[in-house]
Amino acid sequence: MQNEHKFRLDELSAPVSPQVSAESSSMSVIDVTTLLLGLIL
Amino acid sequence: MNTYLKQFHDAIENLEDKHFLFEALDHLKTLLKTSFLIELVNGHLSKLNSQEHFYPTRSSINYWHILNTKAFTLTLVRMKKEQDNKFINSYPYDKVIVPLTEDIFYSHYKQPSPTPLEVLDKTKKLQPLAIQKLHKNTPYCIKKHEDVFSYHGGSNNESILLSFSCRKAQSYGWEYDANTLFPLRLVTNVLQSARLEHTCKLLGELGNESSLPNLFHFLKNPYHNVRWEAARAIMNIDFDKGLEAILLLENDTHPDIRESVENALNKISTLNLS
């Protein structure tokens with residue numbers, strides 16, 4: 001029966017997205033420098 | 001952590017929930033009068049100069065978590081001037097914003113009660129107030145479930161803001177269409193539910209029957225988006241199993257799932273299943 005009917009369920013009417021945050025990525029040294037210089041200048 | 005940051009941390013880490021925002025705000029104002037940021041920057045620059053492998057933690061190109069505790073997060077955020085923002089986001093926790101490098105402009109909205117948080121009500125439109133100016137070094141409180149803030153920028157292309165977020169309970173924010181001001185989708189700060197939803201989607205696309213036991217297990221997950229994505233994946237792999245899965249969700253606690261099950265069963269009833 002696998003995939004015989006090719007029926008797909010719709011997405012939820014109110015989809016859920018992940019919150020984009022710093023927790024999922026890392027900062028390179030050059031990025032820190034840019035941020036710090038931005039604060040100083 | 002420099003002395004000023006340590007004093008700030010120690011003063012608010014164990015405050016009670018009831019008045020957390022307002023008491024923390026007083027301590028934040030005190031912190032802003034100190035040289036905590038210059039000391040922080042100088043300290044990091046010294047380490048960058050002297051330690052080849054120095055690596056500040058919990059940061060990205062636009063964020064730098066100065067303090068990240070069970071009670072709050074204090075973050076530096078680099079913001080680009082608004083360029084036709086399509087979405088406006090609310091957050092399920094109180095937040096304080098402080099522009100550090102220049103005066104900025106922002107739009108303030110009132111959010112009609114977003115409850116229950118996990119059920120998006122697409123009729124609840126944001127109520128816009130006037131565009132306002134926020135002066136450099138001035139804290140601005142964004143109360144959860146009441147206020148929504150949309151950043152426009154200052155005179156420069158980029159600004160740096162200090163963002164203070166209170167007790168980040170695992171929950172949902174609502175994302176709105178910036179043009180119509182009606183809600184579009186839920187945004188979860190529960191990373192695990194986002195990961196599981198993505199994994200279910202991937203397993204469904206891979207289409208291997210060996211994934212079915214795990215996917216059936218996810219039908220009982222506490223997060224409704226995971227439950228529904230598991231059902232979708234099962235349906236992608238095997239129609240009969242998919243039918244079994246959606247029948248298991250027929251009396252789900254979340255109204256969006258019950259509605260989706262009903263729609264699916266109506267569509268299936270019109271299929272020629274001979």
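Trainee: Why does Lys110(B) count as partly exposed?

Mentor: This is a predicted model. Lys110(B) has 30% relative accessibility. Partly exposed lies between under 20% for buried and over 50% for exposed, so the label fits.

Trainee: What makes Asp147(B) and Lys110(B) a salt bridge?

Mentor: Their side chains meet at 2.7 Å, N to O. The cut-off is within 4 Å, so the pair qualifies.

Trainee: Is Asp147(B) buried or exposed, and how do you know that?

Mentor: Asp147(B) has a relative accessible area of 9%. Buried means under 20%, so Asp147(B) is buried.

Trainee: Which parts does this pair tie together?

Mentor: Asp147(B) lies in strand β8 (residues 147–153) and Lys110(B) in strand β5 (residues 104–110), both of chain B. The pair therefore ties together parts 37 residues apart in sequence.

Trainee: What makes Lys267(B) and Asp10(A) a salt bridge?

Mentor: The N to O value is 2.7 Å. Within 4 Å is required, so the name holds.

Trainee: Why does this pair join two chains?

Mentor: Lys267(B) sits in helix α8 (residues 255–269) of chain B, and Asp10(A) in the segment before β1 (16–18) of chain A, so two chains are joined.

Trainee: How do you know whether Lys267(B) and Asp10(A) are buried or exposed?

Mentor: Lys267(B) has a relative accessible area of 38%. Asp10(A) is at 42%. Partly exposed is the range between 20% and 50%, so that label applies to Lys267(B) and to Asp10(A).

Trainee: Where do Asp10(B) and Lys6(B) lie?

Mentor: Both are in helix α1 of chain B. They are four residues apart, about one turn of the helix. Their side chains meet in a salt bridge at 2.8 Å, N to O.

Trainee: How many salt bridges are there over all chains?

Mentor: A search of the whole structure finds 11. Arg78(B), Lys80(B) and Glu158(B) are linked in a network of them.

Trainee: Which residues have the most contacts inside the largest nonpolar core?

Mentor: That core has 28 residues. Those with the most contacts inside it include Phe8(B), Phe72(B) and Phe164(B). Helix α2(B) gives the most to this core, with seven residues.

Trainee: What does Phe72(B) touch?

Mentor: Leaving out residues up to four places away in sequence, its contacts include Phe8(B), Ile12(B), Phe20(B), Leu67(B) and Phe164(B). Polar names appear too, among them Glu13(B) and Arg167(B).

How values were computed
Residues are numbered from 1 along each chain as its sequence is written. Chains are lettered from A and ligands numbered from 1 in the order in which they are written. This is a predicted model: local features need pLDDT of at least 70, side-chain atom pairs count only at pLDDT 80 or more; totals for chains, interfaces and linings use all residues. Side-chain values use heavy atoms; hydrogens and water are left out. A nonpolar core is a set of buried Ala, Val, Leu, Ile, Met, Phe, Trp, Tyr and Cys residues joined through side-chain atoms within 4.5 Å. Buried means under 20% relative accessible area, exposed over 50%, partly exposed in between (1.4 Å probe, protein chains only). Contact means heavy atoms within 4.5 Å.
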